[in-house]
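Please follow the strands and one helix of this model in turn, keeping the sequence and the coordinates side by side.

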Amino acid sequence: MRAGPNSRGAAAERRTRIHVVSDVHGNTEALARAGDGADALVCLGDLVLFLDYADHSRGIFPELFGVENADRIVALRTERRFEEARDFGRGLWTGVDRDTAIVAAVRKQYAEMFAALPTPTYATYGNVDIPGLWPEYAGPGTTVLDGERAEIGGRVFGFVGGGLRTPMRTPYEISDEEYAAKIEAVGEVDVLCTHIPPDVPELTYDTVARRFERGSRALLDAIRRTRPRYSVFGHVHQPLVRRMRIGTTECVNVGHFASTGRPWALEW
């Protein structure tokens, strides 16, 4: 975290700096440095690495089933052949206690990543996270919020975690109605922090996976209605546009952390 001011003058002029990351996907080494120079770290989820679409040798899936099978399932999903991908996956899981294997692997990743989080960290869930496990690993320096607000450096931050339901059926997908209720609960804030983007084509299309991810219409409506200073989110790793304005709100995709290891900085 940030070093303190060295003089009375520096204290008077001191600004607040927040680092924001999303889609960590197992990059524990970079996560341990993500708060350097900042007053706080904001993490928008997807700590778990189930399968790395850029390097098919990384993640829970190839550890269990090998790289060749990872190559195959990535190809099917990229071609949007989701039913074939599910059938292929079911065949691999035959004879394996799926829940036990996944939870054990996720626990190992969480133990490493939550230990790497700096103090203070404000975090919410991604769609591939397992919220029920977070209380076991989040230390006193990590505040977990979902449909809730926190004041950081005099500004109000709102947090909404998870994703909407998709054919991928990742662990923390919820209904549009439940998601909209969390957006409503957050209300008017200065910085609206979500895992998924607003439902805007330029922000939801992944140029590498060659498909649209699900964005939230409720989030888009809230941005237009409440006009936060910033809307920050991840989920889409390689969007058509990383940054754009919706009315007076600056919308910023920070979902590149796994590949770049660089947080996005917000300063005032």
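Strand 1 (residues 17–21) and strand 2 (residues 40–43) run parallel and are joined by 4 bridges, and within this predicted model the residue of strand 2 that serves as bridge partner of V20 is V42. Both strands belong to an open sheet of 5 strands, in which the order is 4-3-2-1-15 and the pairing is mixed. At its edges lie strand 4 (142–144) and strand 15 (264–267), each of which pairs on one side only, and from one strand to the next the twist averages 25 degrees.

A second pairing, antiparallel in sense, links strand 5 (residues 148–152) to strand 6 (residues 155–160) over 5 bridges, with E148 finding its bridge partner in F159 of strand 6. These two strands form a hairpin with 2 residues between them, and in the turn G153 has a positive phi of about 60 degrees.

Turning to helix 10 (residues 217–226), the reader will find that its buried residues are L219, L220, A222, I223 and T226. Because they cover an arc of only 160 degrees around the axis, these residues lie on the same side of helix 10. The face turned away from that buried side carries R224 and R225, which are exposed. The cover over the buried residues of helix 10 includes helix 8 (176–186) as well as strand 9 (191–194), strand 12 (230–233), strand 13 (243–246) and strand 14 (249–253).

The two ends of the helix can be inspected last. At the start of helix 10, a side-chain oxygen of S216 comes to within 3.2 Å of the backbone nitrogen of A218, while just after helix 10 the residue R227 adopts a positive phi of about 50 degrees.

Note on methods
Residues numbered from 1 in each chain as written. Predicted model: local features only at pLDDT ≥ 70, side-chain atom pairs only at ≥ 80, totals over all residues. Heavy atoms only, no water. Pairing = 2+ DSSP bridges. Axes fitted to C-alpha atoms, helices over the stretch in contact; angles between N-to-C directions. Buried < 20%, exposed > 50% of the residue type's maximum accessible area, 1.4 Å probe, protein only. Arc of directions from axis to C-beta. Contact = heavy atoms within 4.5 Å. Polar contact = N/O pair within 3.5 Å; in protein donor to acceptor, adjacent residues only side chain to side chain.
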